[in-house]
Amino acid sequence: MPLYHFSLSPHRSQRSCTLSLFKPISISMARFQRVVANSSLLLTVALLLGFSEAKEILVGGKTDAWKIPSSQSDSLNNWAESARFRIGDFLVWKYDSQKDSVLQVTREAYLSCNTSNPIEEYGDGNTKVKLDRSGAYYFISGAEGHCVKGQKMIVVVLSQRHRYTGISPAPSPAEFEGPAVAPTSAATSLKGSLVVSLGVLLWGLF
């Protein structure tokens with residue numbers, strides 16, 4: 001009776017098993033590395049957009065907002081409390097330069113409506129102020145008697161740390177006298193579009 005002898009090369013068998021075992025793992029690792037790389041790209045772009053984005057924000061969200069409020073709910077501080085201001089943004093006032101002005105003042109002058117020694121005074125009717133630091137900015141009307149009637153505003157600019165943790169610093173509530181979501185800008189729309197596009201790119205990897 002013939003005898004048949006079968007032999008397998010132990011080295012070849014071991015190598016085949018090893019390749020079979022690690023090939024899927026290698027593919028998975030490569031895919032994982034691509035996901036990590038693209039996620040890092042998404043985060044970097046989002047951070048760069050956050051640092052570079054600067055908006056021109058119309059005070060009160062309308063051209064005739066710089067005036068004596070008709071009621072407590074019409075106060076510009078209601079708008080400023082709900083808005084988010086970042087370093088590099090610009091505040092824009094529209095008003096009649098023959099009848100009014102904008103004064104940037106200290107906290108003490110804001111509380112007492114003292115117009116005699118402002119930090120800055122603007123009276124061109126189309127005032128633009130750059131927010132170049134974090135913290136509180138105090139503004140009052142330069143027209144006689146307007147500040148005591150409520151034409152004043154506190155703007156709080158978020159620091160970089162606060163803007164990414166979602167914590168918004170604010171002055172004491174006693175400083176507020178009484179508007180609404182900050183107006184959107186082209187920069188905000190562009191940022192949203194880029195983030196959505198990168199999100200679609202990452203989705204395609206899965």
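## Around Thr 127

The side chain of Thr 127 makes a polar contact with the side chain of Asp 124, at 2.8 Å. A second polar contact runs from the Thr 127 side chain to the side chain of Tyr 95, at 2.6 Å. Keep in mind that this is a predicted model.

Thr 127 belongs to strand β6, which covers residues 126-130. Its relative accessibility is 0%, so Thr 127 counts as buried, the cut-off being under 20%. Setting aside neighbours within four places in sequence, Thr 127 touches Leu 91, Val 92, Trp 93, Tyr 95 and Tyr 122.

## Aromatic pairs

What about the rings? There are five aromatic pairs here. Take Trp 66 and Trp 93: their ring centres are 6.0 Å apart and the planes sit at 80°, so this pair is edge-to-face, since over 60 degrees earns that label. The pair ties together distant parts of the chain, with Trp 66 in the loop between β1 (56-58) and α2 (76-82) and Trp 93 in strand β3 (residues 90-94), 27 residues apart.

Are Trp 66 and Trp 93 buried or exposed? Both are buried. They also belong to a cluster: ring pairs link Trp 66 and Trp 93 with Tyr 137 and Phe 139.

## Charges over rings

Tyr 137, one of the cluster residues, has a charged partner too: Arg 133 lies over the face of Tyr 137, at 4.1 Å from the ring centre. Elsewhere, Lys 128 lies over the face of Phe 90, and there the distance to the ring centre is 5.7 Å.

How values were computed. Residues numbered from 1 in each chain as written. Predicted model: local features only at pLDDT ≥ 70, side-chain atom pairs only at ≥ 80, totals over all residues. Heavy atoms only, no water. Phe/Tyr/Trp six-rings, centres within 6.5 Å; stacked < 30°, edge-to-face > 60°. Helix = DSSP H or I, 4+ residues; strand = E, 2+ residues; numbered from the N terminus. Buried < 20%, exposed > 50% of the residue type's maximum accessible area, 1.4 Å probe, protein only. Lys NZ or Arg CZ within 6 Å of the ring centre and 35° of its normal. Polar contact = N/O pair within 3.5 Å; in protein donor to acceptor, adjacent residues only side chain to side chain. Contact = heavy atoms within 4.5 Å.
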